[in-house]
2 protein chains.
Amino acid sequence: MRTTKQLVDAVVNGEPRSIARAITLVENGSLEAQEISSRLFPHLGKAHVIGITGPSGAGKSTLVEKLVRKYRERSRTVGVVAVDPTSPFSGGAFLGDRIRMQDLSTDTGVFIRSMATRHNPGGLAKATKDTVRILDASGKDIVIVETVGAGQSEVEIMKIAQTIVVVLAPGLGDEIQAIKAGMMEIGDIFVINKADRENANKAATDIQSMLELSSEKHQWKPAIVKTIALTGEGTIQLSEKIDEHRKYLEKGEGKIRQQRILEAELMEAIRQKAAERIIQELKKSGRFSMLISRILRKELDPLTAAEKVLGERMNKG
Amino acid sequence: MRTTKQLVDAVVNGEPRSIARAITLVENGSLEAQEISSRLFPHLGKAHVIGITGPSGAGKSTLVEKLVRKYRERSRTVGVVAVDPTSPFSGGAFLGDRIRMQDLSTDTGVFIRSMATRHNPGGLAKATKDTVRILDASGKDIVIVETVGAGQSEVEIMKIAQTIVVVLAPGLGDEIQAIKAGMMEIGDIFVINKADRENANKAATDIQSMLELSSEKHQWKPAIVKTIALTGEGTIQLSEKIDEHRKYLEKGEGKIRQQRILEAELMEAIRQKAAERIIQELKKSGRFSMLISRILRKELDPLTAAEKVLGERMNKG
């Protein structure tokens with residue numbers, strides 16, 4: 001049997017079956033997951049991670065497909081992680097789309113993986129992040145994450161992308177309204193896809209004015225690109241904008257972002273590990289069920305109970 | 001100036017302006033939020049909390065409106081919390097819907113609040129739970145929470161509902177596929193709305209077979225109800241099913257669910273409070289930025305760093 005170290009070495013060497021195996025292990029939240037993450041950590045930070053998000057029907061998958069082809073023409077290797085359950089990458093959507101993309105799945109410079117949201121909705125953000133990192137460590141030049149961007153966990157996922165592309169299409173009124181919330185603040189590039197449709201210009205103007213209202217004070221001015229993903233129109237401009245954003249990041253902002261990501265991650269790790277330990281101790285000593293009984297009798301509320309327990313611990317230390 | 005205690009007393013007396021004020025305070029994550037929650041805690045558990053979830057376009061809001069009217073006919077007081085940003089309750093959707101519901105907003109037996117997802121996506125689940133509790137403590141007989149059920153935080157929200165109604169409509173194929181993940185397991189009652197549409201029977205059969213595949217082993221057999229919310233058809237049957245589920249819960253299962261909710265909440269409170277304290281200490285002592293430097297140099301990964309820090313703390317105690 002292979003050790004986790006051997007598996008990680010094979011991942012770092014870009015061996016596709018080991019990459020797939022490592023992803024399955026982290027996706028299932030297996031015992032090896034943490035060791036895999038820790039061992040991969042020193043190999044991270046080489047790939048450019050691009051997040052593609054937007055409502056269903058905006059044409060994200062077709063756009064991703066065209067981007068992948070553009071990168072392959074320039075001999076860049078690409079990893080794709082699709083979180084959208086209706087994405088053709090994850091076996092949803094139309095047969096035609098899947099057939100069109102079939103050649104990509106036999107290209108050894110491309111690794112496509114869809115995240116099975118049904119198994120583990122709670123751990124989706126974590127599993128996706130880990131998958132992006134496995135693909136980064138495996139030596140892919142570009143890693144693209146595609147999500148519908150509807151929920152909080154998907155906004156979370158986007159935080160690991162260096163360049164975030166928000167894809168919209170004219171005439172998706174309600175859905176645009178629905179995603180506006182989290183998405184407008186995080187987009188580095190906005191794509192109006194299906195730009196041959198009526199109202200494409202209006203959509204661009206709407207986004208422009210929303211961006212002007214936004215309070216972000218970065219030096220990067222979010223760009224708006226019009227595309228027709230089906231014909232490939234505008235995808236060169238999009239990939240150029242992505243490169244431009246990458247160069248901008250390399251001038252300094254990238255390090256700040258990276259540090260912010262790692263700070264958030266350390267805090268999250270402390271949160272998770274601290275709770276695990278404390279709750280385990282409380283359960284072992286019978287204290288946890290005592291607290292629950294008092295809470296059920298409404299003598300105590302959960303937040304006050306937590307403060308009590310932690311106050312005692314801190315005074316001990 | 002009113003103290004938080006006075007505010008909470010007014011909430012418990014059902015005073016609408018105080019209810020609104022308390023919700024705003026918890027929604028903004030203000031300093032008083034925790035005191036409000038703690039003080040309200042002993043007054044909880046009287047309302048029947050009904051979660052209504054399902055994809056946009058299924059007709060949830062119209063159904064909620066009809067349910068509210070049914071409860072009002074029986075002189076029950078009702079609170080509604082709408083998390084769907086396109087819900088007419090939150091000012092989205094069509095003017096016609098809003099006008100139709102206007103009379104409800106002048107009925108003192110009804111309190112309607114929409115959660116502003118844009119302000120605080122991360123705290124949405126928490127703010128919604130707190131709002132449901134404020135309405136419970138204020139003496140409302142019924143509290144209805146409406147969400148689109150797309151993201152993880154919305155599945156979280158549903159966990160505080162005693163009876164969960166999943167609303168679907170024929171012909172929403174893709175979206176049904178998208179929500180299937182989290183929703184099939186949590187639904188106590190499934191509504192096929194727009195039951196006059198073609199394929200309504202097929203939708204019911206589909207759900208029936210999905211339910212039969214499901215591994216849940218509760219005594220409650222999830223019910224399927226067909227409605228036409230626009231005309232009100234089937235809403236009596238739905239409210240009867242909800243009552244039936246309530247009675248089922250009162251026979252024992254309700255207590256088990258309640259305990260599970262409070263256990264999860266105590267764990268979450270410990271998680272939050274423990275991390276707050278530890279991170280604060282680490283930042284104060286400069287240890288946090290030391291760790292980040294090491295992580296940036298890739299000498300350490302975040303999970304290992306967290307374990308190190310916590311291991312040291314535990315040994316001290």
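**Questions about a predicted two-chain model**

Reader: Where is Ile224(B) found?

Author: Ile224(B) is found in strand 7 of chain B, which covers residues 223–226. Please keep in mind that this is a predicted model.

Reader: Why is Ile224(B) called partly exposed?

Author: Ile224(B) has 19 other C-beta atoms within 10 Å. A residue is buried at 20 or more and exposed at 12 or fewer. The value of 19 lies in between, so Ile224(B) is partly exposed.

Reader: Which residues does Ile224(B) touch?

Author: Leaving out residues up to four places away in sequence, Ile224(B) touches Phe190(B), Ile192(B), Ala204(B), Ile207(B) and Gln208(B). As for Lys241(B), 17 residues separate it from Ile224(B) in sequence, and the two C-alpha atoms are 9.2 Å apart.

Reader: What makes strand 7 of chain B an edge strand?

Author: Let us begin with the sheet. In chain B, 7 strands form an open sheet with parallel pairing, in the order 3-2-4-1-5-6-7. Strand 3 (110–114) and strand 7 of chain B each pair on one side only, and they are the edge strands. From one strand to the next, the twist averages 20°.

Reader: How do you know that strand 1 and strand 5 of chain B pair?

Author: For two strands to pair, at least two bridges are needed between them. Strand 1 (residues 48–53) and strand 5 (residues 163–168) of chain B run parallel and are joined by 4 bridges, so they meet that requirement. One bridge partner to look for is Val165(B) in strand 5, which belongs to Ile52(B).

Reader: Which strands does helix 4 of chain B touch?

Author: Helix 4 of chain B packs on the sheet and touches strand 1, strand 2, strand 3, strand 4 (142–147), strand 5 and strand 6 (189–192) of chain B. The direction of helix 4 makes about 175° with that of strand 4 of chain B. Angles over 145 degrees count as roughly antiparallel, so helix 4 and strand 4 of chain B fit that description.

Reader: Why is Ser75(B) called exposed?

Author: Ser75(B) has 8 other C-beta atoms within 10 Å. The cut-off for exposed is 12 or fewer, so Ser75(B) is exposed. Ser75(B) lies in the loop between helix 4 (60–73) and strand 2 (78–82) of chain B. Its phi is near 60°, a positive value in a residue other than glycine.

Reader: Now to chain A. How many helices and strands are there in chain A?

Author: Chain A has 13 helices and 7 strands. Of its 317 residues, 46% are buried.

Reader: How do you know that strand 1 of chain A is largely enclosed by the rest of the structure?

Author: In strand 1 (residues 48–53) of chain A, 6 of the 6 residues are buried, so the strand is largely enclosed by the rest of the structure. His48(A), Ile50(A) and Ile52(A) point one way, while Val49(A), Gly51(A) and Thr53(A) point the other way.

Reader: What makes strand 1 and strand 4 of chain A a pair?

Author: The two strands have 6 bridges between them and pair in the parallel sense. At least two bridges are required, so strand 1 and strand 4 of chain A count as paired. Thr53(A) stands opposite Thr147(A) in strand 4 of chain A. Strand 1 also pairs in the parallel sense with strand 5 (residues 163–168) of chain A, over 4 bridges. There, Thr163(A) is the bridge partner of Ile50(A).

Reader: Why are helix 11 of chain A and helix 12 of chain B called oblique?

Author: The axes of helix 11 (residues 235–284) of chain A and helix 12 (residues 287–296) of chain B come within 10 Å and cross at roughly 120°. Roughly perpendicular covers 65 to 115 degrees, and roughly antiparallel needs over 145. The crossing angle fits neither, so the helices are oblique to each other. Gln259(A), Leu262(A), Glu263(A) and Leu266(A) of helix 11 make the contact with Leu291(B), Ile292(B), Ile295(B) and Leu296(B) of helix 12. By class, this contact has 6 nonpolar, 1 polar and 1 charged residues.

Notes
Residues numbered from 1 in each chain as written. Chains lettered and ligands numbered in written order. Predicted model: local features only at pLDDT ≥ 70, side-chain atom pairs only at ≥ 80, totals over all residues. Axes fitted to C-alpha atoms, helices over the stretch in contact; angles between N-to-C directions. Parallel < 35°, antiparallel > 145°, perpendicular 65-115°, else oblique. Contact = placed C-beta atoms within 7 Å. Nonpolar A, V, L, I, M, F, W, Y, C, P; charged D, E, K, R; others polar.
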